[in-house]
Amino acid sequence: MTVRVGVVGVGNIGTSHALNLARVVSGSAVSVLFDADADRAAALAADLGARIVPTVPAVFQADDVDAVLLASPDGVHAEQLLLGLPAGKPVLCEKPLATTEADARAVLDAEVARGQRLVQLGFMRRFDPGYVQLKQELTAEGIGEPLVVHNVHRNTSAPYGLETERTLTNMVVHELDICRWLLDEEYASVMVVAGRPGPLTPGGQHDPILVVLRSASGVVVEVEAFANAQYGYEVVCRVTGSHGQAVLGDGAFITRSKGFARGVDLPELWLGRFAEAYRLQLQGWVDALHGGHAFPGATAWDGFAATVVASCAVEAYRTGGWVDVVLPPRPELYSGAAVGASS
Ligand SMILES: NC(=O)c1ccc[n+]([C@@H]2O[C@H](COP(=O)([O-])OP(=O)(O)OC[C@H]3O[C@@H](n4cnc5c(N)ncnc54)[C@H](O)[C@@H]3O)[C@@H](O)[C@H]2O)c1
């Protein structure tokens, strides 16, 4: 059996996912596409032998769609999930689940009311071989108890225009999820330090910024985010533990020595750094749909938790102080899916 996927939103990442599902992932095909830009959807549909439909509900309701991949802009994820959930089909939704806590809560409540875990989140770093190895280091045999996690996240340029609050909800949300997964615990509080903006930062905005969090057990997590770094795309995660340190940097790339210099090439976009993670995430999703078992990645609860922390970070940025992170009890539907679950 082939899982026939309908794709909503075929920009940068939606096109990459559609190509992977059609040509790389085993056991899947792309049958239906929708994009607000109908010409863009039509061009990709012609390439993939798929058809286009005129609305989002038409994707979810199509007889030739078994599951939906949502890769539309951040601000419409929640409303499109609420439109689609009644069709009862599994959805892999790009991060973030929503841009506000209220919208994320509405999706979580709708899924809990159905009593079915249909929504998965595209926090693909959970599938990145480097992050998986880093998680394995956080044991007594590895670097011991984690004490401090320092992250660096740099985009070549801000893909959707530079707004500091969007840096928090769109970009830093990756670290909010992956450090929660690495540490297997929730956050207790967050603050944001905004320093001197660079000359390319629009008036009233801050870039780079430093996000500082304390986990429930007291681990300090820092995220140094620079949305308009110009020199390339880069992600670093350095965990200092009780018995050692583990650093995930640009290890995915070769070091070249030439002309009396030594260095590595940096990718321009996340698609270069995380290509394998995107593929493994899609394969894991399709395999889970075939096998009828739970997807090994992020759930709607994980997406909700990340959005709550991002919303607290937005409040911390606005107020300049520490903000406590308060999550409601995890609904029973998600029990057995510990925040750090990787299988
Ligand atoms: N997991 C990751 O690493 C990662 C990387 C990039 C983007 N993303 C996420 O994927 C989503 C898409 O990002 P992108 O970089 O591809 O953006 P993009 O701007 O390249 O593409 C967005 C597409 O959505 C279409 N669109 C606009 N409004 C729509 C609507 N209401 N319904 C359906 N389609 C609509 C646009 O025409 C465009 O084709 C965002 O939520 C982003 O945060 C995740």
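**Strand pairing, core and a buried histidine in the predicted model**

In this predicted model, strand β8 (residues 187–194) and strand β9 (residues 209–215) run antiparallel and are joined by 7 bridges, with A194 standing opposite I209 of β9. Strand β9 is also joined to strand β10 (residues 220–226), again in the antiparallel sense, through 6 bridges, and within this pairing R214 stands opposite V220. The two strands β9 and β10 form a hairpin in which 4 residues lie between them, and G218, located in the turn, has a positive phi of about 100 degrees.

Strand β9 is mostly covered, with 5 of its 7 residues buried. One residue that can be followed further is V211, which, when residues up to four places away in sequence are left aside, touches L168, V172, V190, M191, V192, V221, E222 and V223. V211 is also listed, together with L33, Y131, L168 and L213, among the residues that touch the most other members of the largest nonpolar core, a set of 105 residues. The largest share of this core comes from helix α11 (residues 300–319), which contributes 12 residues.

A further sheet is open and consists of 7 strands in the order β3-β2-β1-β4-β5-β6-β15, with mixed pairing. Strands β3 (51–52) and β15 (298–299) stand at its edges and have a single partner strand each, so that one side of each is left without a neighbour in the sheet. Within this order, strand β5 (residues 91–93) and strand β6 (residues 119–121) pair in the parallel sense over 3 bridges, and V91 stands opposite V119 of β6.

The surroundings of H77, a residue of helix α4 (residues 77–84), can also be described. Because its relative accessibility is 0%, H77 counts as buried. A polar atom of the H77 side chain lies 3.2 Å from the backbone oxygen of E94, and E94 is likewise among the residues that H77 touches, the others being L70, S72, C93, K95, P96 and L97, not counting residues up to four places away in sequence.

As to confidence, the chain averages a pLDDT of 94, and 97% of the residues score at least 70. Over residues 338–343, however, the pLDDT is below 50, although this stretch has 19 contacts in the model beyond near neighbours in sequence. Where pLDDT is low, the predicted coordinates should not be read in detail.

Note on methods: Residues numbered from 1 in each chain as written. Predicted model: local features only at pLDDT ≥ 70, side-chain atom pairs only at ≥ 80, totals over all residues. Heavy atoms only, no water. pLDDT = per-residue confidence, 0-100. Contact = heavy atoms within 4.5 Å. Core = buried A, V, L, I, M, F, W, Y, C linked by side-chain atoms within 4.5 Å. Buried < 20%, exposed > 50% of the residue type's maximum accessible area, 1.4 Å probe, protein only. Pairing = 2+ DSSP bridges. Polar contact = N/O pair within 3.5 Å; in protein donor to acceptor, adjacent residues only side chain to side chain.
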